[in-house]
Amino acid sequence: RINGLGKLACVTTNIEEAVRDAEIIMITTIANAHKAVAQSIAPYVMDGQVIILNPGRTCGALVFKQALVEAGCDARFYLAEAQTLVYACRIVEIGTVNIIGVKDEVLLSALPSTDTNYVLSKINPLFPSFMKTTNVLRTSLENIVAIFHPCVLLFNAATIERNEVVWFYRDMTEQIALFIERFDEERLA
């Protein structure tokens with residue numbers, strides 16, 4: 001069980017206020033929101049800021065960087081993507097999150113990869129599980145979520161259609177796990 005309290009420096013719905021003077025900007029959202037988030041923060045990104053997509057999903061850093069540039073951002077920022085989330089978690093109720101597991105190692109690469117060591121020097125004191133990898137192609141192509149999530153949802157479709165609660169990781173049967181392993185072998189091949 002993980003319990004903790006932290007002092008919040010700022011709570012706001014104002015993007016400029018949230019981004020201004022932030023040393024590290026952690027983007028933790030669904031992959032198809034990366035472009036919109038990049039566009040919304042583009043006017044406020046400053047030189048030297050570290051932006052981490054946690055997770056980057058499949059080519060998230062490429063999409064995010066292109067959106068920043070297209071939105072006119074000319075700051076010298078450091079952009080990186082993580083292969084997956086550090087925490088396997090779900091919200092229980094407002095203010096309470098069930099952390100099912102904490103990953104020991106999560107691959108991380110900057111874009112360009114020559115910035116990876118700098119990004120890790122900033123984020124590892126807070127999240128030591130981030131580990132250097134070769135480049136964002138590796139974080140993207142080793143993203144099992146594109147295989148894992150659809151399989152679990154499809155095999156639990158009847159439960160979902162009955163409006164019953166699906167505990168994503170707990171409702172995994174041995175047969176679903178075997179199917180995912182075989183399906184992922186095709187991806188890797």
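Me: Which relative accessible area makes a residue buried, and which makes it exposed?

Reply: A residue is buried under 20% relative accessible area and exposed over 50%. The model is a predicted one. In helix α6, the exposed residues A146 and L154 lie on the face turned away from the buried side.

Me: Which residues of α6 are buried?

Reply: The buried residues of α6 are V145, I147, F148, C151 and V152. Viewed down the axis of α6, they fall within an arc of 165°, so they line one face of the helix.

Me: Why do residues three or four places apart in an α-helix point the same way?

Reply: An α-helix has 3.6 residues a turn, so residues at that spacing point the same way. Helix α8 provides a case, with I176, I180 and D184 as its buried residues. Seen along the axis of α8, these buried residues fall within an arc of 70°, and they therefore line one face of the helix.

Me: Which residues are exposed on the other side of α8?

Reply: They are E174, Q175, E185 and E186.

Me: Against what do the buried residues of α8 pack?

Reply: They pack against α6, which comprises residues 145-155. Viewed from the partner helix, the cover over the buried residues of α6 includes α8.

Me: How may the length of helix α8 be checked?

Reply: One compares an expected span with the distance between the end C-alpha atoms. Helix α8 has 15 residues, from 174 to 188, and at 1.5 Å a residue it should span 21 Å. Its end C-alpha atoms are 21 Å apart, which agrees.

Me: Is T159 buried or exposed?

Reply: T159 is buried, because its relative accessible area is 16%, which lies under the 20% limit. This residue belongs to helix α7, residues 157-161. Leaving aside residues up to four places away in sequence, T159 touches E164, V165 and V166.

Me: How should the chain as a whole be read?

Reply: One may begin with its secondary structure, which comes to eight helices and seven strands. The radius of gyration then offers a test: a compact globule of 189 residues would have a value near 16 Å, and the chain has 18 Å, which agrees. The C-alpha trace spans about 50 × 40 × 30 Å along its principal axes.

Me: What share of the residues is buried, and what share of the accessible surface belongs to carbon and sulfur atoms?

Reply: Buried residues make up 34% of the 189 residues. The accessible surface comes to about 11700 Å², and carbon and sulfur atoms account for 56% of that surface.

Me: What share of contacts joins residues at least 24 apart in sequence?

Reply: Among contacts between residues at least 6 apart in sequence, the share is 67%.

Key
Residues numbered from 1 in each chain as written. Predicted model: local features only at pLDDT ≥ 70, side-chain atom pairs only at ≥ 80, totals over all residues. Heavy atoms only, no water. Helix = DSSP H or I, 4+ residues; strand = E, 2+ residues; numbered from the N terminus. Expected span 1.5 Å × (residues − 1). Buried < 20%, exposed > 50% of the residue type's maximum accessible area, 1.4 Å probe, protein only. Arc of directions from axis to C-beta. Contact = heavy atoms within 4.5 Å. Rg over C-alpha atoms; globule rule 2.2 N^0.38 Å. Areas by Shrake-Rupley, 256 points an atom, 1.4 Å probe, with all protein chains shown as cover.
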